[in-house]
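Me: I'm new to reading protein structures, and a whole chain is a lot to take in. Please pick out one small spot, look at it closely, and then walk me outwards from there.

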Amino acid sequence: MSDRQARRHQRALRRARLGRGRGAAQPPVPLTDALLAGLPNGVVLRDVHGRALACNPAACAQMQLTEDQLLGRAPIDPGWQVLRVDGQPMPWSALPSARTLAEGRDLQGEVFGVAAAGGAVRWLAANTVLMRDAGGTVSGVLSCFADITAQRRQLALLEHTIDAAGLGTWEWDMQAGQLHCNDRLLAALGYRRGDVGLTQKEWAQLVHPDSRQLWGQAMRAHLADTRQPCRAELRLRRPDGDWAEVLSCGVLVERAPDGTPLRMAGIHIDMTEQVQMQAMLRHAARTDGLTQLPNRAAVFDQVQQAVDRAARQPGFGFAVLFMDFDRFKQTNDTLGHAAGDELLRQIAQRLRQALRAGDAVAQGAGLPETGAGAGTPALVQTAGRIGGDEFVVVLEGVSGREVACAVARRLLAVLAAPYTIGSSVVHSTASIGIVTSEQAANDAHTVMRDADTAMYEAKRTGRGRYVVFDPAMHERLARSVATEADLRLALQRNELFVVYQPVVDLQRGGPCGVEALVRWRHPQRGLVSPLEFIAVAEESGLIVALGAHVLRTACQQLAAWQRSLGAQAPASVAVNLSAVQLRQPSLVAEVQRCVAEAGIAPGALQLEVTESLAAQDETARARLREIKALGVRIALDDFGTGYSSLACLHQLPVDTVKIDRSFVSHAETSDYHRVLIEATIRVARTLGMDTVAEGIETPSQAALLQRLDCGRGQGYLWSPPLAAEAVAPWLLQRPPQRAAA
């Protein structure tokens, strides 16, 4: 552009400047000048030296300068400045127009800010074009700006929102294979900018192979139909080798004229914590919080999977071992719930160790499907807790019933060893019920019910053992349920009565007391064996009411005999106490009340507890000491069958040791049993305790116990248990005791 042309163009711009409108008599404004004056974008023309030659009104407004200031005819306030995008001052040499003149090239989208003194920053995006004369010589530069202040505010707000939401943003140049992302995305993965390359190939190395396939499927579906969202959950490798879980969402933002995809953009949402939390919740939903074993829901699922697999895969065998721990409630009640919880944790640990000890065991793992010719799968053993003190072991890949029994025997041995809970030593054996696939039902609930039934059969037949399920057990269980219902009615209808078995003095001869024993005459079934209803009473809690009835009846009956028989009346009456009764806080007061109401001396009443209960349960021992303080005597029943020993006999608050009938029956033929009886008698005598031998049936047994210096005896040799009205005639027929030598 020549100087003459420039001057003419400058005059045209001046004629069009805003705010200097001409009167109606002025000639019309040229169309080009009118367009420049009405443009919302600023336009500035500079010469080759960078001096402003002309501008339109929008340029003045956007630059926050007057026309005279912009064209250099008036000084600019010192507080006015041009800013870089980072907010730092921009030198004049860095202005887009100056760079265009210096570099000899046009620029597009150059962003800078303009701040007036004390005013807000206006952000402008500039395009510059070199102006040339007819000969092609550069004559100046034309700058055009757009005010992008509002857009930058919105972009900043969006960036702050994205950052606050923890979103990582990305942009993918699909032709160049280059990715761009914000720092938030890199930080979520544990990287800093520069730590990882952002080419498509380098980025793909961070994506888990399974996730690459998912992303490829989602992207192809989106490119085929952009109405379909491009979304996939991806696993991306962290610097430490772990995997971050992200939800990646993208959209195609640019295509070539021929439809070729050029650019995608989207966000990454860090899902790692949510995924971990979901995994924790799933784990918690299927894990027992106390023992960290699979819980009830997980165990039932495992059993159902085994049932289903056995149905579709011939030759696949499984077994379910349902176990309950004997005397656990006693530990919980006596040592406290914290001790009970610790016992359960130790049981769980023993189960883990015992199951890991098996060959080819993968606890909790699933078995791969095997074809008909694949052979027998490895035995898989999974332990779980389904509630309380009930645990279940699921065996998969069992070749036969004997394998399940072998595992049960191993578990019984491992679980029977003493447990150390704080300063206490606790004994707790397990009762195990077994169901194998040979007789299993086709659903988990029925299988578990049958295993539970077998477990109760193990308890009924002695505890500390295993029993394999037999359908006949359901009949016995039904009978047990019926027995409990009838027993409740029996207590209301006074169908229970007490019989008394005499106790004789082996050294001086003659009766010296009786033991009270409960009996039940059912209106339809007749006499019901104590072996059948006592266990039901203990399991149902009815033993408390039943025991109270026997205690009260026995005390009243002894008082009646003393009134009617005088010196020939029994010197004492013995009454059995169950573990459930001993756990009742009101027991001591009840014993005291029964003695007082009957009017008998406290020493005439003897309460009998099993050896295992007195030896193991500290709370029981404390309660026995309270009863002993009343003057009531305490007897240790069934000595030799429980957990105590002669060495700890002195620690027990007892007055009498009763030698179990199993030792008496073998005393004449077994040196071991005879020596144990003799040792028991000597230790008891040394400790000032009496001894009673149970189950004496022959004169030779009585003679042997007499020679061993046992104090008293009872058994069918002298009398079976007698009805109350038959005791007095029996006593009157017996010769009185001989005087002590």
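Reply: Let's settle one word before we begin: two residues are in contact, or touch, when heavy atoms of theirs lie within 4.5 Å of each other. Keep in mind, too, that you are looking at a predicted model.

Our small spot is S211, which you'll find in helix α9, the stretch covering residues 209-224. Is S211 buried or exposed? The cut-off for buried is a relative accessible area under 20%. S211 has just 3%, so it counts as buried. What does S211 touch, once residues up to four places away in sequence are set aside? It touches E233, L234 and R235.

Now zoom out for a moment. The protein chain holds 26 helices and 28 strands. Of its 741 residues, 45% are buried, and S211 is one of the buried ones. Take the contacts in the chain with a separation of 6 or more: 59% of them are between residues 24 or more positions apart.

For a second spot, try V111 in strand β4. Unlike buried S211, V111 is partly exposed, because its relative accessibility comes to 25%. Leaving out residues up to four places away in sequence, V111 touches V85, M90, W123, L124, A125, I148 and R152. You can also find P96 from here: V111 and P96 are 15 residues apart in sequence, and their C-alpha atoms are 8.6 Å apart in space.

Strand β4 also takes us to charged pairs. Side chains of opposite charge can pair when their charged atoms come close. With the rule that a side-chain nitrogen of Lys or Arg must be within 4 Å of a carboxyl oxygen of Asp or Glu, the count comes to 34 salt bridges. One of them joins E110 and R99, with 2.7 Å from N to O. E110 sits in strand β4 (residues 107-115) and R99 in helix α5 (residues 96-103), so this pair links distant parts of the chain, 11 residues apart. E110 is partly exposed, since its relative accessibility is 22%.

Another salt bridge makes a longer leap along the chain. D326 and K459 meet through their side chains, at 2.6 Å from N to O. D326 is in the loop between β12 (318-325) and α12 (328-335), while K459 is in helix α15 (residues 444-460), so the bridge ties together parts 133 residues apart in sequence. Are these two partners buried or exposed? D326 is buried, with a relative accessible area of 0%, and K459 counts as buried too, at 12%.

For a pair inside a single helix, go to α24 (residues 671-686). R674 and D671 form a salt bridge there, at 2.2 Å from N to O. They are three residues apart, about one turn of the helix. R674 is partly exposed, at 24%, whereas D671 counts as exposed, at 51%. Salt bridges can also share partners, and that is how R99, E103, R105 and E110 are joined into one network.

Last stop: how helices pack. Two packed helices are described by the angle between their axes and the distance between the axes. Helix α15, where we found K459, has a packing partner in helix α11 (residues 296-312): their axes come within 8 Å and cross at roughly 105 degrees. That angle is why α11 and α15 are called roughly perpendicular. On the α11 side, V299, F300, V303, Q304 and V307 make the contact, and they meet A444, H445, V447 and M448 of α15. By class, that gives seven nonpolar, two polar and no charged residues.

Compare that with helix α20 (residues 587-598) and helix α22 (residues 618-629). They pack at about 25 degrees, with their axes 10 Å apart, so α20 and α22 are roughly parallel. The crossing of α20 past α22 is right-handed. Here L587, V588 and V591 of α20 make the contact with R623, E626 and I627 of α22. Sorted by class, the residues are four nonpolar, no polar and two charged.

Technical notes:
Residues are numbered from 1 along each chain as its sequence is written. This is a predicted model: local features need pLDDT of at least 70, side-chain atom pairs count only at pLDDT 80 or more; totals for chains, interfaces and linings use all residues. Side-chain values use heavy atoms; hydrogens and water are left out. Axes are lines fitted to C-alpha atoms, for helices over the stretch in contact, and angles run from 0 to 180 degrees between N-to-C directions. Helices (H or I, at least four residues) and strands (E, at least two) are DSSP runs, numbered from the N terminus. Angles under 35 degrees count as roughly parallel, over 145 as roughly antiparallel, 65 to 115 as roughly perpendicular and the rest as oblique. A crossing is left-handed if the near helix is turned anticlockwise from the far one by less than a right angle, and right-handed if clockwise. Ala, Val, Leu, Ile, Met, Phe, Trp, Tyr, Cys and Pro count as nonpolar, Asp, Glu, Lys and Arg as charged, and the others, Gly among them, as polar. Buried means under 20% relative accessible area, exposed over 50%, partly exposed in between (1.4 Å probe, protein chains only).
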